Amino acid sequence: MQKASAEKLAALIQMHREDILSAWRTKVRRLPSAKDMETPLINDHIPALLDDLAAALLVPPEEAGEQVSQQVGPKIHGVMRFDEGFNIGEVVAEYSLLREVIKDFAISNGIRLDAGAHIVDRVIDSATSLAMQTYSDHKTVELQRRREEHFSFVVHDLKTPLAALHTAAKILNDKLPAEGRTDVTAAMLDMILRNATRLNALISTAVQEGANLEAPQWLRLERRHMDLWPIVQSLIDDLRPLADDAYTTLANTVSGHLTVFADASLLTQVLQNLLSNAIKYTTKGQVTVGARVAPDGYAVECWVADNGAGIPEERLGKIFDKLETDPYKNKGGLGLGLSIVKQVVEAHGGEITVQSKVGAGSTFRFTLPASEDTIRPHGIPA
């Protein structure tokens, strides 16, 4: 009797597979993450799972579920649902709803479940377990990746203001008049220099010990309309000691009326990186920051230009690559600066380019949205 009911259920699933899928999709679309999904994406591996279930109902009960545990369908399903923004409860709910629909179909067709119910549970539980496992594994990896990306991002961008502090203290120590050099000021300057050196060493060690230095592919932006000139001028004032030490002048040619729609903190980091690099490679020269509304009116084009050492042609194509660094001026560096700059600009929907000639200098150009209404996906034309 039990074998007969299992065989009837298998025949029912084979004959009414599309009806079962349709009833199941109706229920699944009530889940928040699935309400707008198209049929093929919702179905995913479920049609094949129904075929596996029908086959399992025709074999001895102890073998039921084995074929599902050996297949990759549920595993891929877990990853796909993660990528589609499902929470793990919704993944479990999908399979529970499938179980519910199958049992409703059996009852409405006068089929006693008996042993068939046990087999249905085994097959669906096996698929649910596999999907949950890969979903959880994928989520764990993603969270770890984001933590490591954020760590490398923050740690790297601590270095520039620390370097400015160290340089300012060194210049002050070297140029302080004799009448102003008391035991107290000398001790304070020595303490600043000593601790700045120590902090730099600690940061370098922390970065080197990072397990994953991939540049961020995802950034949470807090955009607002802002005047560009004050941001540039504030950075120039902060970095002027570095420029003075290299006998280099800094110029802000940005119009006082130019505004952008961007994340103030991240934009500051972009300009800070570009300015610091320009100063590093420019001795007895000039570094200029400028900006204009792009010809199409959808973006603001910004640039940082110098007349310094320039970049060799063979390095231009990979200047924004992760871990790319100048082998001559930055030995031991991790090359995260320009990679981070590129990621931030692209997160705003812009692009960054560089033009350079050895001995003549470099110009880095990047675009930002001019207003909230002009935000575009990655690739705003300049």
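This passage describes the fold of one protein chain and then turns to a few of its residues.

The structure is a predicted model, in which local features need pLDDT of at least 70 and side-chain atom pairs count only at pLDDT 80 or more, while totals for chains, interfaces and linings use all residues. Residues are numbered from 1 along each chain as its sequence is written, and side-chain values use heavy atoms, with hydrogens and water left out.

The protein chain contains 13 helices and seven strands; these are DSSP runs numbered from the N terminus, with helices being H or I of at least four residues and strands E of at least two. Of the 382 residues in the chain, 45% are buried, where buried means under 20% relative accessible area, exposed means over 50%, and partly exposed lies in between (1.4 Å probe, protein chains only). The chain exposes about 19600 Å², and carbon and sulfur atoms supply 54% of that area; accessible areas come from the Shrake-Rupley method with a 1.4 Å probe, and for residues only the protein chains shown count as cover. Contacts, meaning heavy atoms within 4.5 Å, often link distant parts of the sequence: among those between residues at least 6 apart, 75% join residues at least 24 apart.

An open sheet is a good place to begin the tour. Five strands make up this sheet in the order β2-β4-β5-β7-β6, with mixed pairing; two strands pair if DSSP finds at least two bridges between them. The edges are taken by β2 (249-252) and β6 (352-357), each of which has a single partner strand, so one side of each is left without a neighbour in the sheet. From one strand to the next, the twist averages 15 degrees. Helix α10 (residues 228-245) lies across β2, β4 (286-293) and β5 (299-306), and runs at about 175 degrees to β2. For such angles, axes are lines fitted to C-alpha atoms, for helices over the stretch in contact, and the values run from 0 to 180 degrees between N-to-C directions.

Strand β7 deserves a closer look. Eight of its nine residues are buried, so the strand is mostly covered. Seven bridges join β7 to β5, and these two strands run antiparallel; C302 has F366 of β7 as its bridge partner. The pairing of β7 with β6 is also in the antiparallel sense, over six bridges. Here S356 is partnered with S362 of β7, and K357 with G361 of β7. Three residues separate β6 and β7, which form a hairpin, and G359 in the turn has a positive phi of about 85 degrees.

The bridge partner S362 repays attention in its own right. This serine sits in β7 (residues 361-369) and counts as buried because its relative accessibility is 5%. Its side chain makes a polar contact of 2.6 Å with the side chain of S356; a polar contact is a pair of N or O atoms within 3.5 Å, where, within protein, one must be able to donate a hydrogen and the other to accept it, and residues adjacent in sequence count only if both atoms are side-chain atoms. Beyond its neighbours within four places in sequence, S362 is in contact with V304, A305, D306, G310, I311, Q355 and S356.

On the helical side, A278 belongs to α11 (residues 264-280) and is buried because its relative accessible area is 5%. Residues up to four places away in sequence aside, A278 touches V287, V304 and D306. A278 and V304 are 26 residues apart in sequence, yet their C-alpha atoms are 7.7 Å apart in space. The loop between α11 and β4 holds K284, a residue other than glycine with a positive phi near 55 degrees. K284 is exposed, because its relative accessible area is 68%.

Elsewhere in the chain, H77 lies in helix α6 (residues 73-83) and counts as buried because its relative accessibility is 0%. The side chains of H77 and E94 are joined by a polar contact of 2.9 Å. Leaving out neighbours within four places in sequence, H77 is in contact with D44, H45, E94, Y95 and A131. One of these partners, D44, is placed in the loop between α3 (39-43) and α4 (46-56). The phi of D44 is near 45 degrees, a positive value in a residue other than glycine. With a relative accessible area of 23%, D44 is partly exposed.
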